[in-house]
Amino acid sequence: MRQGPEEIHDEEHEQRLERVAAIDVAKTSGKICTRLPHESTPGKRVTLVWDVPATTNAICALAAHLVDQRVERIVIESTSDYWRPFYYLLEAQGLVVWLVNANDVKQVSGRPKTDKLDAVWLAKLNERGMLRPSFVPPANIRNLRDYTRTRLDLTAERSRHKQRIEKLLEDALIKLSTVATDIFGKSGRDMIEALINGQRDPRVLADLARGRLRVKHAALVQALTGRFDDHHAVLARILLDQIDTLTTRIDQLTTIIDQAITAIPGAHAPTGASDAPAATAPLPTLARLDEVPGIGLYTAQIIIAEIGLNMAQFPTAGHLVSWAKLSPRTIQSGNTTRAGKAGHGNPYLKGALGEAAAAAAKTNTFLGERYRRLVKRRGKLKALVAVARSILVIVWHLLSDPTARFHDLGPDYHTIHMDKDRKTRNLRRQLEALGYAVWASPRIVETSPMREVNGDGGDETQVRTGVPRGRGSDRAGDW
């Protein structure tokens, strides 16, 4: 069926510009390219290319030159961390700077690959509005992001040292991890310290157990019987000291992160509604995110650090989900539509959302039921990604409206809102495919011996199923 032409409106970032610049960055320098109108020949463009050292003074001088040239927009290709000095210093001078994805600025096939040609090509793409800006958060969110990412890195490093100690105990034939759930709890830590200090008697070591671990005294004696010698003690002491140092740094960073979030105005509860009921009273951003199943204060801090508090850069929840690479690409050609790969995305944000989804999947909530419905037909990994996407959509709504509060739809949401007629048809088809004859009729509540009243007070549907009773029978089945 022939349709009329469809008008496609250009996005704001697709507008053509007259005076543009581009920077192909490297570790020690940047290749600068400007494209400006010719002073005397209308319609002609002048392209200039030169090198600028990646030092503060040189970049500040470059910023002053670009301001004099009335450059409307500068684009920088995201290359490692080398883009940061150019972006931060040029932005501080009031210039419009875009950080663009390297996948969006690939050279045309068959052309040589040099820094000069890369810079010219980047400038041409900028001039014609063929690039999209990447999300770069404001300075306070960038600082918070550095804190949270460092804390994650230190936590991972501490976990590696704990694994090294467990491997060291295995080498010494100490099987403490087979009895104690956490060998770095109070009981396990006391036993390891005693081993380091020279105690080798397994019964004395087992007497250090506390709480529920005391009932496993006999198993502890067997597990603590080994060949822990002095060289094991030296290594264990070094690793334990390293773990304690990392724990101190992690706690220090947690305090700094709390202070940094408190200093952000957008993280505070909105004023003017203190007389509202407790169930709907405004809360700080961290507390509102903490109400979502699977999200704790630790995860909420990571989410704020990675996406910020201002959702203006993400017009809809779908934009945020697409940026986080939690939704597959749509690939359509002719009558065929298929889903492509989602991509890598932000590893810190996806890691935090993955942990939140795994925690929410164990709860008796709407998100937990969503996981249980999806895991049957899509598998665990895809079900967790779907729950993570739902959590991110909830986060977008909470950050878009400072007064919004999370309200769980309940694990029975799908059961209450399902189409009963459609469900009846599907069940009838399934039973008929198995060879049954099916009748469906409204249940009479007053006279039915198997009376059931549903939640909304409506009629129940009663299904008779049966198989043929044999030759000569005039009934297709029984109850």
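Which residues of H1 are buried? Ala-58, Ile-59, Leu-62, Ala-63 and Leu-66 are the ones. Seen down the axis of H1, these buried residues fall within an arc of 145°, so they line one face of the helix.

## The whole chain

Keep in mind that this is a predicted model. The chain has 16 helices and 9 strands. Of its 479 residues, 35% are buried. If you look at contacts with a separation of 6 or more, 59% of them are between residues 24 or more positions apart.

## Helix H1 and what covers it

H1 takes in residues 56-68, which is 13 residues. At 1.5 Å a residue the helix should span 18 Å, and its end C-alpha atoms are 19 Å apart, so the two values agree.

What sits over the buried residues of H1? The cover includes four strands, S1 (20-25), S2 (29-37), S3 (45-53) and S4 (73-77), along with helix H2 (83-92). On the face turned away from the buried side, H1 carries the exposed residues Asn-57 and Asp-68. Just after the helix, Arg-70 takes a positive phi of about 55°.

## Val-67, towards the end of H1

Val-67 also lies in H1, but it isn't on the list of buried residues. With 41% relative accessibility, it counts as partly exposed, since the buried label needs a value under 20% and the exposed label one over 50%.

Which residues does Val-67 touch, not counting those up to four places away in sequence? Gln-93 and Leu-95. As for Gly-94, it is 27 residues from Val-67 in sequence, and their C-alpha atoms are 8.5 Å apart in space.

## Thr-34 in strand S2

Strand S2, part of the cover over H1, holds Thr-34. Is Thr-34 buried or exposed? Its relative accessible area is 3%, so it is buried.

Leave aside the neighbours within four places in sequence, and Thr-34 is in contact with Val-20, Ala-21, Val-46, Thr-47, Leu-48, Trp-50 and Leu-66. One of these, Leu-66, is among the buried residues of H1.

## H4 against H8

Now for a pair of helices further along the chain: H4 covers residues 139-171 and H8 covers residues 230-262. How do their axes meet? They come within 9 Å and cross at roughly 160°. That makes H4 roughly antiparallel to H8, because angles over 145 degrees count that way. The crossing of H4 and H8 is left-handed.

Notes: Residues are numbered from 1 along each chain as its sequence is written. This is a predicted model: local features need pLDDT of at least 70, side-chain atom pairs count only at pLDDT 80 or more; totals for chains, interfaces and linings use all residues. Side-chain values use heavy atoms; hydrogens and water are left out. Helices (H or I, at least four residues) and strands (E, at least two) are DSSP runs, numbered from the N terminus. The expected span of a helix is 1.5 Å times one less than its number of residues. Buried means under 20% relative accessible area, exposed over 50%, partly exposed in between (1.4 Å probe, protein chains only). The arc is that of the directions from the helix axis to the C-beta atoms. Contact means heavy atoms within 4.5 Å. Axes are lines fitted to C-alpha atoms, for helices over the stretch in contact, and angles run from 0 to 180 degrees between N-to-C directions. Angles under 35 degrees count as roughly parallel, over 145 as roughly antiparallel, 65 to 115 as roughly perpendicular and the rest as oblique. A crossing is left-handed if the near helix is turned anticlockwise from the far one by less than a right angle, and right-handed if clockwise.
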